[in-house]
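Here is a note for a colleague who is new to this structure. Please read the points with the model open beside you.

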Amino acid sequence: MDAEKGAAVAEAERRGVALVRAPGPRVAEGLVTHIGRVPVDAAEARRQHAGYREALAGAGWEVREAEPADECPDAVFIEDALVVVGGLAVVTRPGAVPRRAETAGAERAAAGLGLETARIPPPGRLDGGDVLQVGRTVYVGVGGRTDPEGVRALAGLVEPLGRRVVPVRLGGVLHLKSAVTALPDGTLLGLPGTFDAAAMPAFRPVEEEAGCHVVPLGGDEVLIGSSAPRTAAALAGEGWRVRAVDIAEFEKLEGCVTCLSVLVPERTG
(Lines give C-alpha, C1' and ligand atoms only; values in the text may rest on other atoms or scores of the structure.)
Protein backbone atom coordinates (compact mmCIF):
# COMPACT_ATOMS: atom_id res chain seq x y z
CA MET A 1 0.00 0.00 0.00
CA ASP A 2 1.44 3.40 -0.94
CA ALA A 3 2.15 6.22 1.53
CA GLU A 4 -0.92 8.26 0.54
CA LYS A 5 -3.26 5.32 1.18
CA GLY A 6 -1.45 4.51 4.40
CA ALA A 7 -2.01 8.06 5.63
CA ALA A 8 -5.70 7.83 4.78
CA VAL A 9 -6.03 4.65 6.82
CA ALA A 10 -4.15 6.23 9.72
CA GLU A 11 -6.55 9.19 9.74
CA ALA A 12 -9.68 7.03 9.64
CA GLU A 13 -10.89 4.34 11.98
CA ARG A 14 -9.38 1.08 10.80
CA ARG A 15 -12.11 -1.14 9.39
CA GLY A 16 -10.17 -4.09 8.02
CA VAL A 17 -8.67 -5.15 4.71
CA ALA A 18 -10.18 -4.56 1.28
CA LEU A 19 -8.94 -7.06 -1.31
CA VAL A 20 -8.94 -5.71 -4.86
CA ARG A 21 -7.43 -6.70 -8.17
CA ALA A 22 -6.38 -4.12 -10.73
CA PRO A 23 -8.03 -4.26 -14.16
CA GLY A 24 -5.88 -6.18 -16.60
CA PRO A 25 -4.99 -5.37 -20.20
CA ARG A 26 -7.95 -7.41 -21.52
CA VAL A 27 -10.61 -5.82 -19.30
CA ALA A 28 -12.55 -4.54 -22.34
CA GLU A 29 -13.15 -8.18 -23.34
CA GLY A 30 -15.11 -8.94 -20.16
CA LEU A 31 -18.29 -10.99 -20.41
CA VAL A 32 -21.70 -9.36 -20.80
CA THR A 33 -24.95 -11.29 -20.48
CA HIS A 34 -27.98 -9.09 -19.98
CA ILE A 35 -26.83 -5.88 -21.67
CA GLY A 36 -25.45 -5.02 -25.07
CA ARG A 37 -21.72 -4.75 -25.56
CA VAL A 38 -20.29 -1.25 -25.83
CA PRO A 39 -16.63 -0.17 -26.01
CA VAL A 40 -14.74 -0.04 -22.73
CA ASP A 41 -11.87 2.42 -22.29
CA ALA A 42 -9.19 0.38 -20.49
CA ALA A 43 -7.18 3.45 -19.48
CA GLU A 44 -10.26 5.10 -18.01
CA ALA A 45 -11.13 1.85 -16.22
CA ARG A 46 -7.71 1.92 -14.55
CA ARG A 47 -8.25 5.53 -13.49
CA GLN A 48 -11.68 4.74 -12.08
CA HIS A 49 -10.33 1.72 -10.24
CA ALA A 50 -7.71 3.93 -8.61
CA GLY A 51 -10.49 6.25 -7.46
CA TYR A 52 -12.41 3.29 -6.08
CA ARG A 53 -9.36 2.16 -4.09
CA GLU A 54 -8.89 5.68 -2.75
CA ALA A 55 -12.49 5.75 -1.54
CA LEU A 56 -11.99 2.50 0.37
CA ALA A 57 -8.74 3.74 1.90
CA GLY A 58 -10.36 7.02 2.89
CA ALA A 59 -13.04 5.09 4.75
CA GLY A 60 -10.46 3.24 6.83
CA TRP A 61 -9.87 0.08 4.80
CA GLU A 62 -6.35 -1.15 4.19
CA VAL A 63 -6.33 -1.81 0.45
CA ARG A 64 -4.40 -4.88 -0.68
CA GLU A 65 -4.12 -6.11 -4.23
CA ALA A 66 -4.41 -9.74 -5.22
CA GLU A 67 -1.87 -10.88 -7.77
CA PRO A 68 -2.71 -9.98 -11.38
CA ALA A 69 -4.63 -12.39 -13.58
CA ASP A 70 -4.00 -10.62 -16.86
CA GLU A 71 -5.26 -13.54 -18.96
CA CYS A 72 -8.71 -13.19 -17.33
CA PRO A 73 -10.65 -10.15 -18.57
CA ASP A 74 -13.13 -10.23 -15.66
CA ALA A 75 -10.59 -10.75 -12.87
CA VAL A 76 -11.06 -7.17 -11.64
CA PHE A 77 -14.46 -8.31 -10.31
CA ILE A 78 -12.77 -10.09 -7.42
CA GLU A 79 -15.96 -10.42 -5.36
CA ASP A 80 -17.03 -13.28 -7.60
CA ALA A 81 -14.01 -15.36 -6.54
CA LEU A 82 -14.34 -15.19 -2.74
CA VAL A 83 -17.05 -15.15 -0.09
CA VAL A 84 -15.74 -14.22 3.37
CA VAL A 85 -17.78 -15.36 6.37
CA GLY A 86 -16.06 -14.59 9.65
CA GLY A 87 -12.62 -16.17 9.46
CA LEU A 88 -13.50 -18.38 6.51
CA ALA A 89 -12.89 -17.48 2.87
CA VAL A 90 -14.98 -19.64 0.56
CA VAL A 91 -13.29 -19.95 -2.82
CA THR A 92 -16.05 -20.03 -5.39
CA ARG A 93 -16.54 -22.05 -8.55
CA PRO A 94 -17.72 -19.41 -11.05
CA GLY A 95 -20.62 -20.24 -13.32
CA ALA A 96 -18.76 -18.91 -16.37
CA VAL A 97 -16.05 -21.48 -17.11
CA PRO A 98 -13.50 -18.93 -18.41
CA ARG A 99 -13.62 -17.19 -15.02
CA ARG A 100 -12.51 -20.19 -12.98
CA ALA A 101 -8.84 -19.35 -13.50
CA GLU A 102 -9.41 -16.19 -11.42
CA THR A 103 -9.85 -18.06 -8.15
CA ALA A 104 -6.32 -19.35 -7.52
CA GLY A 105 -4.81 -15.90 -6.98
CA ALA A 106 -7.78 -14.82 -4.89
CA GLU A 107 -7.36 -17.91 -2.70
CA ARG A 108 -3.68 -17.10 -2.15
CA ALA A 109 -4.59 -13.54 -1.20
CA ALA A 110 -7.15 -14.78 1.33
CA ALA A 111 -4.67 -17.23 2.82
CA GLY A 112 -2.17 -14.38 3.07
CA LEU A 113 -4.62 -12.57 5.35
CA GLY A 114 -4.69 -15.54 7.69
CA LEU A 115 -8.15 -16.67 6.64
CA GLU A 116 -9.08 -20.32 6.56
CA THR A 117 -10.02 -21.32 3.02
CA ALA A 118 -12.47 -23.84 1.61
CA ARG A 119 -13.64 -24.47 -1.95
CA ILE A 120 -16.97 -25.01 -3.62
CA PRO A 121 -16.53 -28.47 -5.16
CA PRO A 122 -17.80 -29.65 -8.55
CA PRO A 123 -20.41 -29.83 -9.89
CA GLY A 124 -21.70 -26.80 -7.98
CA ARG A 125 -21.49 -23.32 -9.47
CA LEU A 126 -21.29 -20.24 -7.27
CA ASP A 127 -20.39 -16.61 -8.00
CA GLY A 128 -19.64 -14.35 -5.05
CA GLY A 129 -21.79 -11.62 -6.57
CA ASP A 130 -24.78 -13.84 -5.83
CA VAL A 131 -24.09 -13.86 -2.08
CA LEU A 132 -25.64 -11.14 0.08
CA GLN A 133 -24.97 -11.34 3.81
CA VAL A 134 -27.40 -9.49 6.07
CA GLY A 135 -26.65 -10.17 9.70
CA ARG A 136 -26.39 -13.94 10.05
CA THR A 137 -28.58 -14.63 7.03
CA VAL A 138 -26.90 -15.43 3.71
CA TYR A 139 -29.11 -14.84 0.67
CA VAL A 140 -27.88 -16.55 -2.50
CA GLY A 141 -29.13 -15.73 -5.99
CA VAL A 142 -30.03 -18.70 -8.19
CA GLY A 143 -30.77 -18.81 -11.89
CA GLY A 144 -27.81 -17.05 -13.44
CA ARG A 145 -24.21 -17.96 -12.65
CA THR A 146 -25.08 -19.85 -9.44
CA ASP A 147 -26.99 -23.14 -9.30
CA PRO A 148 -28.70 -25.11 -6.48
CA GLU A 149 -25.68 -27.39 -6.06
CA GLY A 150 -23.52 -24.34 -5.41
CA VAL A 151 -26.00 -23.05 -2.84
CA ARG A 152 -26.00 -26.40 -1.04
CA ALA A 153 -22.20 -26.51 -1.01
CA LEU A 154 -22.02 -23.00 0.45
CA ALA A 155 -24.61 -23.91 3.08
CA GLY A 156 -22.53 -26.91 4.10
CA LEU A 157 -19.59 -24.60 4.77
CA VAL A 158 -21.26 -21.65 6.50
CA GLU A 159 -24.20 -23.13 8.38
CA PRO A 160 -21.79 -24.65 10.96
CA LEU A 161 -20.67 -21.05 11.53
CA GLY A 162 -24.20 -20.09 12.59
CA ARG A 163 -25.40 -18.72 9.25
CA ARG A 164 -28.75 -19.41 7.62
CA VAL A 165 -28.64 -19.77 3.83
CA VAL A 166 -31.67 -18.69 1.79
CA PRO A 167 -31.83 -19.20 -2.01
CA VAL A 168 -33.40 -16.38 -4.04
CA ARG A 169 -34.58 -16.87 -7.62
CA LEU A 170 -33.34 -14.22 -10.08
CA GLY A 171 -34.67 -12.92 -13.37
CA GLY A 172 -32.96 -10.76 -15.97
CA VAL A 173 -29.91 -9.80 -13.89
CA LEU A 174 -26.42 -11.26 -13.63
CA HIS A 175 -26.16 -11.63 -9.85
CA LEU A 176 -28.26 -11.15 -6.73
CA LYS A 177 -26.22 -8.05 -5.87
CA SER A 178 -27.12 -6.70 -9.32
CA ALA A 179 -30.67 -6.56 -7.95
CA VAL A 180 -30.51 -5.96 -4.20
CA THR A 181 -28.03 -4.97 -1.48
CA ALA A 182 -28.34 -3.81 2.12
CA LEU A 183 -27.63 -0.65 4.05
CA PRO A 184 -25.68 -0.95 7.33
CA ASP A 185 -28.93 -1.19 9.32
CA GLY A 186 -30.13 -4.12 7.21
CA THR A 187 -32.56 -2.14 5.06
CA LEU A 188 -32.67 -3.71 1.61
CA LEU A 189 -32.47 -1.57 -1.53
CA GLY A 190 -33.87 -3.44 -4.52
CA LEU A 191 -34.73 -3.15 -8.18
CA PRO A 192 -38.33 -4.37 -8.53
CA GLY A 193 -39.02 -7.31 -10.80
CA THR A 194 -35.48 -8.72 -10.81
CA PHE A 195 -35.60 -11.19 -7.90
CA ASP A 196 -38.08 -13.24 -5.91
CA ALA A 197 -39.11 -10.69 -3.31
CA ALA A 198 -41.07 -13.33 -1.38
CA ALA A 199 -37.79 -15.00 -0.40
CA MET A 200 -36.51 -11.86 1.35
CA PRO A 201 -37.77 -9.27 3.85
CA ALA A 202 -39.55 -6.19 2.56
CA PHE A 203 -37.26 -4.04 0.47
CA ARG A 204 -37.11 -0.39 -0.44
CA PRO A 205 -37.52 -0.01 -4.21
CA VAL A 206 -35.15 2.26 -6.11
CA GLU A 207 -35.66 3.82 -9.53
CA GLU A 208 -32.00 4.08 -10.56
CA GLU A 209 -30.51 0.69 -11.36
CA ALA A 210 -27.22 1.61 -9.69
CA GLY A 211 -29.19 2.80 -6.67
CA CYS A 212 -29.64 -0.77 -5.47
CA HIS A 213 -25.86 -1.27 -5.33
CA VAL A 214 -24.35 -0.13 -2.03
CA VAL A 215 -21.36 -1.28 0.00
CA PRO A 216 -21.52 -0.74 3.78
CA LEU A 217 -18.13 0.67 4.73
CA GLY A 218 -18.55 0.59 8.50
CA GLY A 219 -20.58 2.72 10.87
CA ASP A 220 -22.98 4.94 8.96
CA GLU A 221 -20.87 5.12 5.79
CA VAL A 222 -21.79 3.61 2.42
CA LEU A 223 -20.26 3.45 -1.04
CA ILE A 224 -22.41 3.92 -4.15
CA GLY A 225 -21.83 4.53 -7.84
CA SER A 226 -22.04 8.13 -9.06
CA SER A 227 -24.50 6.90 -11.71
CA ALA A 228 -27.18 6.89 -8.98
CA PRO A 229 -27.19 10.55 -7.90
CA ARG A 230 -30.84 10.64 -6.76
CA THR A 231 -30.41 7.59 -4.56
CA ALA A 232 -27.16 8.97 -3.15
CA ALA A 233 -28.85 12.28 -2.33
CA ALA A 234 -31.78 10.51 -0.67
CA LEU A 235 -29.46 8.40 1.49
CA ALA A 236 -27.42 11.45 2.47
CA GLY A 237 -30.65 13.23 3.40
CA GLU A 238 -31.45 10.38 5.77
CA GLY A 239 -28.15 10.81 7.58
CA TRP A 240 -25.98 8.21 5.85
CA ARG A 241 -22.45 9.29 4.99
CA VAL A 242 -22.25 8.61 1.27
CA ARG A 243 -19.12 8.13 -0.81
CA ALA A 244 -19.95 8.20 -4.52
CA VAL A 245 -17.45 6.82 -7.03
CA ASP A 246 -17.39 6.82 -10.81
CA ILE A 247 -17.20 3.23 -12.10
CA ALA A 248 -18.90 3.80 -15.45
CA GLU A 249 -16.45 1.65 -17.42
CA PHE A 250 -17.15 -1.32 -15.16
CA GLU A 251 -20.89 -0.77 -15.37
CA LYS A 252 -20.54 -1.36 -19.12
CA LEU A 253 -19.50 -4.90 -18.12
CA GLU A 254 -22.42 -5.43 -15.69
CA GLY A 255 -20.18 -4.50 -12.77
CA CYS A 256 -21.11 -2.43 -9.74
CA VAL A 257 -19.49 -1.11 -6.56
CA THR A 258 -19.85 -4.41 -4.71
CA CYS A 259 -17.96 -6.61 -7.17
CA LEU A 260 -14.68 -4.67 -7.27
CA SER A 261 -13.60 -5.65 -3.75
CA VAL A 262 -13.87 -8.21 -0.99
CA LEU A 263 -14.05 -6.57 2.42
CA VAL A 264 -12.50 -8.49 5.31
CA PRO A 265 -13.52 -6.70 8.51
CA GLU A 266 -11.10 -6.36 11.39
CA ARG A 267 -11.62 -9.27 13.73
CA THR A 268 -11.72 -8.68 17.47
CA GLY A 269 -11.37 -11.08 20.32
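1. A definition comes before the details. A residue is called buried when its relative accessible area is under 20%. By that rule, helix α4 (residues 148–158) has these buried residues: Gly150, Val151, Ala153, Leu154, Ala155 and Val158. The cover over them includes strands β3, β4, β6, β7 (137–142) and β8 (164–169). Keep in mind that this is a predicted model.

2. Now the whole chain. The protein chain has six helices and 15 strands. Its C-alpha trace spans about 45 × 45 × 40 Å along the principal axes. The radius of gyration is 17 Å, and a compact globule of 269 residues would have one near 18 Å, so the two agree.

3. How much of the chain is buried? Of its 269 residues, 54% count as buried. The exposed area of the protein chain is about 11000 Å². Carbon and sulfur atoms supply 52% of that area.

4. Contacts reach across the sequence. Take the contacts in the protein chain with a separation of 6 or more: 69% of them join residues 24 or more positions apart.

5. Charges come next. The protein chain carries 29 positive and 37 negative charges. The mean positions of the two sets are 4 Å apart.

6. Helix α3 (residues 103–112) can be read in the same way as α4. Its buried residues are Thr103, Gly105, Ala106, Glu107, Ala109 and Ala110. Among the elements covering them are β1 (16–20), β3 (82–85), β4 (88–91) and β5 (116–119). Strands β3 and β4 also appear in the cover of α4. Just after α3 comes Gly114, with a positive phi of about 85°.

7. Look at the aromatic rings. The structure holds two aromatic pairs. One of them joins Phe77 and Phe250, with ring centres 6.1 Å apart and planes at 80°, so this pair is edge-to-face. The cut-off for that label is an angle over 60 degrees. The pair links distant parts of the chain, 173 residues apart. Phe77 is in the loop between β2 (61–65) and β3, while Phe250 sits in helix α6 (residues 248–251). Both Phe77 and Phe250 are buried.

8. Which peptide bond is cis? The bond from Pro122 to Pro123 is, with omega near 5°. Pro123 belongs to the loop between β5 and β6 (131–134).

9. Two residues deserve a look in the loop between α6 and β15 (262–265). Glu254 is placed there. Its phi is near 65°, a positive value in a residue other than glycine. Glu254 has 15% relative accessibility and therefore counts as buried. Thr258 is found in that loop too. Thr258 has 6% relative accessibility, so Thr258 is also classed as buried.

10. What does Thr258 touch? Leaving aside neighbours within four places in sequence, Thr258 is in contact with Glu79, Lys177, Thr181, Val214 and Val215. A further distance helps to place Thr258. Its C-alpha atom and that of Leu223 are separated by 8.7 Å, with these positions 35 residues apart along the chain.

11. Is Thr194 buried or exposed? At 9% relative accessibility, Thr194 counts as buried. Its place is in the loop between β10 (188–190) and β11 (203–205). Residues up to four places away in sequence are not counted here: Thr194 touches Leu170, Gly171, Val173 and Ala179.

12. Finish with Gly30. Gly30 lies in the loop between β1 and α2 (42–58). Its relative accessibility is 0%, so Gly30 counts as buried. Neighbours within four places in sequence aside, Gly30 is in contact with Arg37, Pro73, Asp74 and Leu253. Gly30 and Ala75 are 45 residues apart along the chain, and their C-alpha atoms are separated by 8.8 Å.

Note on methods
Residues are numbered from 1 along each chain as its sequence is written. This is a predicted model: local features need pLDDT of at least 70, side-chain atom pairs count only at pLDDT 80 or more; totals for chains, interfaces and linings use all residues. Side-chain values use heavy atoms; hydrogens and water are left out. Helices (H or I, at least four residues) and strands (E, at least two) are DSSP runs, numbered from the N terminus. The radius of gyration is taken over C-alpha atoms; the globule rule is 2.2 Å times the number of residues to the power 0.38. Buried means under 20% relative accessible area, exposed over 50%, partly exposed in between (1.4 Å probe, protein chains only). Contact means heavy atoms within 4.5 Å. Accessible areas come from the Shrake-Rupley method with a 1.4 Å probe; for residues, only the protein chains shown count as cover. Lys and Arg count as positive and Asp and Glu as negative; His and the chain ends are not counted. The place of a charge is taken as NZ of Lys, CZ of Arg, CG of Asp or CD of Glu. Rings of Phe, Tyr and Trp (its six-membered ring) pair if their centres lie within 6.5 Å; planes under 30 degrees apart count as stacked, over 60 as edge-to-face and the rest as tilted.
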